[in-house]
Amino acid sequence: MAAKTIDTVVIGAGHNGLIAAAALAKAGRTVVVLERAERAGGILRGSQPAPGFRAPGLVHTVGRLRPSVVKDLRLERFGYSTIVPTVRMHAPMPDGSAVTFWGDATRTAEELRARSVHDADAFVGFDQKVRAISSFLAYVQVALPPDPKSPSLADAIMGLKLGKAFRDLGAKTGHEAVRALPMAVADLVQEVFELESVRGPLCTRGVLYTAMGAWATGTAQVLLNDSAGTDGGAAGTAVFARGGTDALADALEAAAKARGVQMRTEHDVVAIRTRAERVAGVTLAEGSEVDAPLVVSTADPKRTVRLLDPVAVGPTMHWRGENIRQPGATARVNFALGGLPAFHGGDPERLAGRIVIGPSIDDVERAMDAVKYGRLSEDPVLEATIPSLTDPSLAPEGKHLMSVLFQAAPYQLRESTWAGEREHVGEIAIKTLERFAPGFGELVEAFEVVTPLDMEERYALTGGHIQHAEPGLDQFFAWRPLLGEARYRFLFDGLYLAGSGAHPGGGITGGPGTNAVRKILKDL
Amino acid sequence: MAKRYDAVVIGGGHNGLVNAAYLARSGLKVLVLERRHILGGATLTEEIVPGFRFSVFSYVVSLLRPEIIRELQLPKHGLEILPLDGTITPLDDDYLWRVNDHGKTIRELRRWSLNDAEAYEEYGPLMAEMGRFIKPILSVPPPDPAKLSPGEWLPLTPLAKQFRDLPRRLQTTFIQLMTMSAADFLDQWFETESLKATMSASGIIGTFQGPRSPGTAYVLLHHYMGEIDGAFRAWGIPRGGTGAIAYAIAGAALAAGAEIRTEAPVARIRTQGGRATGVVLESGEEIEANVVMSSLDSRWTFIKLLDDSVLDPSFKREVLRYKYRGSSGKVNLALDGLPELACKPGKGEWLRGAISFSPSIDYIEHAYDDAKYGRPSARPYIDMIIPTLVDPSMAPPGNHVMSCFVQYAPYHLADGEIWDDAKREAFGQNVIDTIEERFPDIRRHIVGHQFITPKDIEDITGLSEGNIFQGELSLEQLFFNRPVPGWSRYRTPVRDLWMCGSATHPGGGIMGAPGRISALEYLKEKRKGRRAA
């Protein structure tokens, strides 16, 4: 029955799927969201590493969610609120000291003064530079990527809005932006700061959720994009959803339903059907079909291509689709802790944001070297958060929940299998944390590991990549995920890509979903 | 009373000489000043071991712009380029040997992988097409992105149009080449490790990056842009070594009326009221000129030769933060006979081309890892040629010279250590050990050697930090960011001081394009000025 009235199918109830569905429903479409998991929410859906402990999903902060999304969907009305600690990043060092990056750059600078006057003086200026370039990237993130076949490419790329935004930067910052974007994050920080204890932690921002090292061209752009449209600046954001990322998932789901979106969980789309050059609908695992003239896929691009009939896609495009780079290299570890870990130089205020283990450029680079050889890093880069510090509802009284990003944990292991390595990830994480938070091991009551392979199986992230497609310069803006398929319409009329694999990419921003709907409504 | 010239060119390397030749041809009174007793800079042939002439630094030619060969009539001035045929990659008990004979190469690849043999048939033409598309970039001065006035983009408009009109597949390839790592790019096509490694090696030569570093793919293209008699993908060596190129260009410059002085090191560039008025030699001699053309890198030009007071602090900061990071060394060997490869004994034609020590991507990546952490590679990538097999004049009869380009040898060593004689010796011996693994009899044949570290490259040629491209060819230092962001068009903040070396667009390699384009730019501006006046 419903199949008749439905005119829009959204594949995947992740944040982008829910945001796109809600926006399309608001525009008068009859939308059904098909989600293979038991619940909507995608990577925002967390877990319980132990009774009474509520861990976030694959990401643990939500500072990049577009304010416009929060406003348009009235997420507050659906119970969404955030916690914004004063601290952004706390970086314990092997020597027992630590560097803290505050929301207030001058406070960071003042604390740095004791270590290096040079870096203290440089920090505020660097923070401003990051903000200036990021403010330009914020325009890029909302922009519809140009059509490489457009009459004047130069104009299209430097087109009106963007061009203006770019010129508004002024010549000096303009040059800085052009220079910084293709840089390696290690270069970006090395030429400004002299302390490894400042360089290393900042570098982690360029490599987290990627398979790249600190010396990889384009990692500066990862850092800068992470600060675009937020007040992240040099240190990045540290914003938590009250009640955990699940609370955001609940709010998004409720908002979509309030707009009349039909939610069908445990509905696994196994094929996207096309007729001639148009999309016709989708086929579900149990064989039933849903017809619709408009199909919006928030599955990763490689998966989306694989859902299509290879013959209809054609050999060249299929080859290109299979070559979209989705090298997952991030694992997650959630710890149920008996108490607050004693991180070097830490106190509850300093530990309330992101705690970063990446004490030097070389440490970050070495950790990521492992990807190249298909090994697990023995000295990983870690980003930990202890959301229970600011949100006691996430752990039993007096205890703490700690969420950890672990890199590098490449999806493609050469000499072992993920079945064998899962526990190992936890052990390495504990061993590493012990060095920066003595006594950490004794606090661990329980832990759970989510490997890239788990991510692929649980969240249908091909290659186990949280950002769907690697955020390298080769899968950026007008060619994310593929040149000529970056304007959300994907391969067939009526089929759109609206997930993290599309511009502006991964992270809890709502950008792809929002941009895609703008284009869809224009095309209709 | 100081001598007066229309133009003084600092540096007698190939770009300085090309620049001088073009200025002289237009009737300008030009003087070239070379610090050393010999011309060529890094394009240098020198008899290091008696009777053995080495192409000391750069060792092959492929990118030398054909319009320069034509316009300067270099063959008339003695330039003769002998083609190098093929590349062999020695492996433990096998080898990969590609030659210019396409059919032969395909048969060889079939030995390894039918897929790769097939892909190779598609890959070559595709890359050649890309090369033809990208070549225009090498001949236009880059635009200034922060201006974006139509005028600025004009030179590129045809390019944008060409790009738009390219088939989607070529557009994609272009973007990928500009942004991907050589390894990722090649992984799309090939599966044979030794093939991918040997191809990707061209992406890392002279850079401080590894085959898995994003941005290394585009150099793969250079191979297909190399031209000898218009033939794509051709590599060769000049008869008499790469120094012969410099002397052919010098011949053209002299014929056009330029003066060239060697052993005339410039101490500083004279300025007056913010404009360059000439140079002062270390001897104290003063030379006046309407324009000073520096073929040196930006660090030399602005930090060493210019008086601090004429530089705007923010510009100076840009110059100082420009990355050099030499990453390569050279080992030149004098041999009393031809060594044999363990994996392919005999003295056949496979030794006449390039011999590439690049068995796998991991091999090169490991070599890079060492350098990243400040150590010379334990097992370096070596790009070896034996010039005497194509040009016997380089050594006494029956003897040979072996040229080994070695990566990586980082200029900056770990823990602040510096290159000294002991480290140079260790570096050289380690390279010979690496060679011995493929040429077991190499040590028996060595009668003389020259070990060159990045520090030596800096000391001998003046290339800062021994970077053979006058600046790291990383994406953010290309095109409109060479040699200093905002000053990509050969001019400098100091009026009448221009740059014309590899530091400027389109960059390094024995290409000559920077020297030529800068000269033409200057002449154009001069004409404008005259019209204005």
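In chain B of this predicted model, a group of side-by-side residues links two helices: Leu126(B), Glu129(B), Met130(B) and Phe133(B) in H4(B) meet Leu170(B), Thr173(B), Phe174(B) and Leu177(B) in H7(B). Two residues are in contact here if their C-beta atoms, placed from the backbone, lie within 7 Å. Helices (H or I, at least four residues) and strands (E, at least two) are DSSP runs, numbered from the N terminus. Sorted by class, this contact has six nonpolar, one polar and one charged residues. For the classes, Ala, Val, Leu, Ile, Met, Phe, Trp, Tyr, Cys and Pro count as nonpolar, Asp, Glu, Lys and Arg as charged, and the others, Gly among them, as polar.

Before going on, a word about the labels and the model. Residues are numbered from 1 along each chain as its sequence is written, while chains are lettered from A and ligands numbered from 1 in the order in which they are written. Because the model is predicted, local features need pLDDT of at least 70 and side-chain atom pairs count only at pLDDT 80 or more, whereas totals for chains, interfaces and linings use all residues.

## How the helices cross

H4(B) covers residues 114-134, and its axis lies 10 Å from that of H7(B), at an angle of about 75 degrees. That angle makes H4(B) roughly perpendicular to H7(B). Axes are lines fitted to C-alpha atoms, for helices over the stretch in contact, and angles run from 0 to 180 degrees between N-to-C directions. Angles under 35 degrees count as roughly parallel, over 145 as roughly antiparallel, 65 to 115 as roughly perpendicular and the rest as oblique.

A second pair in chain B is H9(B), residues 193-201, with H14(B): their axes are 7 Å apart and meet at about 45 degrees. H9(B) is therefore oblique to H14(B). From H9(B) come Glu193(B), Lys196(B), Ala197(B), Ser200(B) and Ala201(B), and from H14(B) come Ile361(B), Tyr363(B) and Ile364(B). This contact divides into five nonpolar, one polar and two charged residues.

## Where the chains touch

Which helices of chain B each supply at least two residues of the side that touches chain A? They are H6 (157-165), H7 (168-179) and H14 (361-372). The contact takes 35 residues from each of chain B and chain A. H7(B) gives the most to the chain B side, with seven residues. By class, that side has 13 nonpolar, 11 polar and 11 charged residues.

## The two chains as wholes

| Chain | Helices and strands | Span along principal axes | Buried |
|---|---|---|---|
| A | 20 helices, 19 strands | about 65 × 55 × 50 Å | 62% of 524 residues |
| B | 18 helices, 20 strands | about 70 × 55 × 50 Å | 56% of 533 residues |

A residue is buried if 20 or more other C-beta atoms lie within 10 Å of its own, exposed if 12 or fewer, and partly exposed in between, with C-beta atoms placed from the backbone. The radius of gyration of chain B is 23 Å, close to the 24 Å that the globule rule gives for 533 residues, so chain B is as compact as a globular protein of that length. The radius is taken over C-alpha atoms, and the globule rule is 2.2 Å times the number of residues to the power 0.38.

## Strands and unusual spots

In chain A, three strands form an open sheet in the order E10-E11-E12, with antiparallel pairing. E10 (269-275) and E12 (289-291) stand at the edges with a single partner strand each, so one side of each is left without a neighbour in the sheet. Two strands pair if DSSP finds at least two bridges between them; E11(A), residues 278-284, is joined to E12(A) by three.

Is Ala276(A), in the loop between E10 and E11 of chain A, buried or exposed? With 8 C-beta neighbours inside 10 Å, Ala276(A) counts as exposed. Its phi is near 55 degrees, a positive value in a residue other than glycine. Glu465(B) also has a positive phi, of about 55 degrees, without being a glycine, but Glu465(B) counts as buried because it has 21 C-beta neighbours inside 10 Å.

Finally, a cis peptide bond joins Arg480(A) and Pro481(A), with omega about 0 degrees. Another cis peptide bond joins Gln407(B) and Tyr408(B), with omega about 10 degrees.
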